Amino acid sequence: MPGLADVLVPSNEEGTRATVLRWCKAVGDTVVKDEPLVELETDKVTVEIAAPADGTLVEVLKQVNAEVNPDEVLARLSLSSRSTARQDTAPSAVAETAVTPSAVSDARDARKPLSPSVRRLLQEHSIAASDIAGTGRNGRITAQDVTRHAADAEAKRAPARSPASAPGSTRVPHTAVRRRVAEHMARSLAEAPHVTTLFEADLTRVLAHKSRHATEYESRGARLTLTAYFVSACVHALRAHREVNATFHPDALELHEDVNIGVGTALGNQGLIVPVIHRAQGLNLFGIAQRLGRMVEGARAGKLSPEDVRGGTFTISNHGVGGSLLAAPIVINQPQVAILGVGKVERRVCVVEVDGTEAISVRSMCYLTLTIDHRALDAFQANAFLSSVVTTLEEWPADAS
């Protein structure tokens, strides 16, 4: 008898939940090892899961739009003779045992054998087996029967539970990305007391530098944006104020050696994603601009890998690109302890000091905010960090590379 192989949700260091986006194969289809089998969507990236072996897809446990956690079973393959020959005999025996129908069942479900996966689905959805007409061999209930029955019941309950759309309006279901973002933001606000400090930065020197060097950077393969300057200024400040480049734990504040800066990137109506510039402390302005350009392009094209969005230690939200002057508080990307907000750059009349006397001048100004997790940081630390960022920007050297 051929063995069975589980198709698992991949493990990851952050425990990110995912949603089944699309099945590339249907039950009964033959699959080849490493062939794309299913796509999962998280709040960060789309992940393609490949078949772990040659065989036939015999059972799908998670349907499209189902939420899944790391190491959960997505589907099962019946291994081909070629794959079975390569399997260790012990694991094969375990796999076969795992899907053998239980010999013990309660009186309600005793009329037909149920696989462990079907029992689990029945329990998750609080459905009695007697309520379902099985479509499997000899009337056996399959996982698809349970999920179909649950979906039908949900559709029948929906009108009673949800108000009808007003005349002329349209209900647009949330994408998996939007649901994950909403959940993450609500959890962050519920867990961490958010406090925001506000500074103003004069970007006149930064804009002069950008004007002089943008063409040169473009010729070398990097688009020079203002965000690159903010990343660079934050690297300097995070190295001087390590408590801001940290992770909060109930028993300690973990200070990070590497400065891994995430940059919030809007995906239109789909939500946002935060690609991470890892080890930014080792990059000059050109390196930051080049890496940033690749990350933003990959985010908008949906081509980021899971590693591209993991491991961030600090985040920048450049909401000013959409015309916003100020946003507060900006929700912290937990488990980080702070997030920088960058407002729109405006030409404003300011009082400046020239040769020891005050003068009126038109300068390029923007508001910068730092929202902190008040469990980890206090106001004086936030102010010291943001003051360092502002000083770096306002004193940007003309010949910096």
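Ile 316 touches Phe 230, Val 231, Cys 234, Ile 261, Gly 262, Val 263, Gly 264, Leu 340 and Val 342, leaving aside residues up to four places away in sequence; contact means heavy atoms within 4.5 Å. The model is predicted, so that local features need pLDDT of at least 70 and side-chain atom pairs count only at pLDDT 80 or more, while totals for chains, interfaces and linings use all residues. Residues are numbered from 1 along each chain as its sequence is written, and side-chain values use heavy atoms, without hydrogens and water.

**Nonpolar cores**

- The largest nonpolar core (buried Ala, Val, Leu, Ile, Met, Phe, Trp, Tyr and Cys residues joined through side-chain atoms within 4.5 Å) has 48 residues, and Ile 316 is among those that touch the most other members, as are Cys 234 and Phe 314.
- Elements that each supply at least two residues of this core include helix H7 (226–240), helix H8 (285–300) and strand E16 (314–317); helices (H or I, at least four residues) and strands (E, at least two) are DSSP runs numbered from the N terminus.
- H7 gives the most to this core, with nine residues.
- Another core, of 18 residues, lies apart from it and includes Trp 23, Leu 37, Ile 49 and Leu 57.

**Helix H8**

- The 16 residues of H8 should span 22 Å at 1.5 Å a residue, which agrees with the 22 Å between its end C-alpha atoms; the expected span is 1.5 Å times one less than the number of residues.
- Among the buried residues of H8 are Leu 285, Phe 286, Leu 292 and Val 296, where buried means under 20% relative accessible area (1.4 Å probe, protein chains only).
- Their cover includes H6, H7 and E12.
- At the N-terminal end of H8, Asn 284 acts as a cap, with a side-chain oxygen 3.3 Å from the backbone nitrogen of Phe 286.
- Gly 302, just after H8, takes a positive phi of about 70°.

Methods:
Buried means under 20% relative accessible area, exposed over 50%, partly exposed in between (1.4 Å probe, protein chains only). A polar contact is a pair of N or O atoms within 3.5 Å; within protein, one must be able to donate a hydrogen and the other to accept it, and residues adjacent in sequence count only if both atoms are side-chain atoms.
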